[in-house]
Amino acid sequence: MNLNHLKIFIFVCKYSSITQASKELNMKQPQVSYAIKELERELNTCLFFRVSRRLEITDNGNKLFNLAMRLFDQYAEMELAMKSSDEETIITVGASITLGKHFLPIYISKFNKIYPNVHVNLIIDTNENIISMVLNKKLFLAFVDTNIDEPKLEVEQYHKDKIVAICHKDHPLSKKSSLSLLDLSNEDLLLRTKGNGDREAINQAFQALGTTYHAVLENDIGVLLLNATANNLGISLLPKNIAYDYANKNETKILNIDELLLDRYFSSIHLKGVELSDVLQSFNSVSISQDNWLFIQKRD
């Protein structure tokens with residue numbers, strides 16, 4: 001099997017598009033299409049369904065993708081061991097929705113400044129699914145934003161995150177210096193969807209107090225929720241860093257929530273007894289470096 005064809009296949013999976021994969025690989029589209037067709041011919045299986053202008057991976061395609069990721073992780077380890085940096089190598093890491101959208105780009109950028117020849121393939125999913133992938137050896141290293149207690153995993157907590165409330169400047173609660181969950185229990189709340197780490201923490205905190213909440217809008221995009229708050233449609237509950245980065249300071253106010261139950265940790269995870277490759281260890285070390293959080297500490 002041609003390793004270059006597998007590399008092309010990985011990029012097509014990542015972007016669900018021949019066109020985008022071609023741009024990222026600096027190749028012509030017919031070359032990328034040919035590589036996929038050759039893989040399908042060699043394996044005697046269909047790897048993608050063609051749906052409109054996008055590609056949907058098949059079950060067999062997903063199996064090949066997981067195996068290819070493991071192969072290239074091992075290949076990267078071999079290259080580092082031989083101290084060769086002539087060709088680009090590929091590693092795969094997983095991340096929860098919040099970390100994948102807002103933090104992994106920071107980690108990857110910092111890592112690539114040190115290791116410019118290592119390409120990082122990123123898989124983003126819910127905390128639950130990412131943890132399951134690590135437990136089933138579909139991922140060797142991942143980053144999650146939920147408090148977990150899983151005996152099969154090595155869990156390295158590296159940042160304590162805090163969820164804050166964001167309300168409109170004219171909202172009655174804006175006059176307070178901080179809020180309690182009871183203050184919020186009767187308000188119209190704007191929350192991210194189930195599966196996000198902050199939503200899980202919010203659910204657990206309200207359940208622990210024996211009270212409920214009223215969500216009037218649910219969406220994965222924090223900026224959308226903040227825009228709704230700026231239009232006085234409700235109170236957003238979001239991670240502190242997202243609130244400070246994207247909230248409209250002229251129209252909204254950011255308030256701390258008294259209950260420590262809403263604190264949670266970011267963690268890197270991998271299976272116990274499974275030694276990470278040198279390149280994955282390096283990526284983990286760069287990612288959990290406290291240098292990444294200096295800008296957050298300034299706000300505390």
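**Close-up 1. A nonpolar surface patch formed by Ile-221, Val-223, Leu-224 and Tyr-246.** Together these four side chains make up about 330 Å² of nonpolar surface. To be included in a patch, a residue needs over 30% relative accessible area and no salt bridge; nonpolar side chains (Val, Leu, Ile, Met, Phe, Trp, Tyr) are joined within 5 Å, and like charges within 9 Å. The areas come from the Shrake-Rupley method with a 1.4 Å probe, and for residues only the protein chains shown count as cover. Ile-221 sits in the loop between β9 (214-218) and α10 (222-230). Helices (H or I, at least four residues) and strands (E, at least two) are DSSP runs, numbered from the N terminus. With a relative accessible area of 46%, Ile-221 is partly exposed; buried stands for under 20%, exposed for over 50%, and partly exposed for what lies in between (1.4 Å probe, protein chains only).

A word on the model before we move on: this is a predicted model, in which local features need pLDDT of at least 70 and side-chain atom pairs count only at pLDDT 80 or more, while totals for chains, interfaces and linings use all residues. Residues are numbered from 1 along each chain as its sequence is written, and side-chain values use heavy atoms, with hydrogens and water left out.

**Close-up 2. Helices α1 and α2, with Ser-16 in the loop between them.** Two packed helices are described by the angle between their axes and the distance between the axes. For α1 (residues 3-15) and α2 (residues 18-25), the angle is about 125° and the axes are 8 Å apart. That makes α1 oblique to α2. Axes here are lines fitted to C-alpha atoms, for helices over the stretch in contact, and angles run from 0 to 180 degrees between N-to-C directions. Under 35 degrees counts as roughly parallel, over 145 as roughly antiparallel, 65 to 115 as roughly perpendicular, and the rest as oblique. The crossing of α1 past α2 is right-handed: the near helix is turned clockwise from the far one by less than a right angle, whereas anticlockwise would make a crossing left-handed. In the connecting loop, take a look at Ser-16, whose phi is near 50°, a positive value in a residue other than glycine. Most residues other than glycine have a negative phi. Ser-16 is buried, at 16% relative accessible area.

**Close-up 3. Helices α2 and α3, with Asn-26 in the loop between them.** The axes of α2 and α3 (residues 29-43) come within 9 Å and cross at roughly 110°. Helix α2 is therefore roughly perpendicular to α3. Once again the crossing is right-handed as α2 passes α3. Asn-26 in the loop has a positive phi, near 60°, and is not a glycine. Its relative accessibility of 72% makes Asn-26 exposed.

**Close-up 4. Salt bridges, with three pairs to look at.** Side chains of opposite charge can pair when their charged atoms come close. The rule used is a side-chain nitrogen of Lys or Arg within 4 Å of a carboxyl oxygen of Asp or Glu, and the count comes to 6 salt bridges. Among them is Lys-176 with Asp-183, whose closest N and O atoms are 3.2 Å apart. Both partners are partly exposed: Lys-176 at 36% relative accessibility and Asp-183 at 23%. Another pair joins Asp-198 to Arg-192, with 2.6 Å between the closest N and O atoms. Here Asp-198 is buried at 0%, and Arg-192 is buried at 1%. Arg-199 and Glu-218 also form a salt bridge, their closest N and O atoms being 3.3 Å apart. This pair links distant parts of the chain, from Arg-199 in helix α9 (residues 197-208) to Glu-218 in strand β9, 19 residues apart. Arg-199 is buried, with 3% relative accessible area, while Glu-218 is partly exposed at 38%.

**Close-up 5. Phe-103 and Ser-287, 184 residues apart in sequence.** Phe-103 lies in the loop between α5 (97-102) and α6 (104-114). With a relative accessible area of 2%, Phe-103 is buried. In space, Phe-103 and Ser-287 are 9.1 Å apart, C-alpha to C-alpha.

**Close-up 6. Asn-248 and Leu-226, 22 residues apart in sequence.** The C-alpha atoms of Asn-248 and Leu-226 are 7.5 Å apart in space. Asn-248 belongs to the loop between α11 (240-246) and β11 (252-257). At 33% relative accessible area, Asn-248 is partly exposed.
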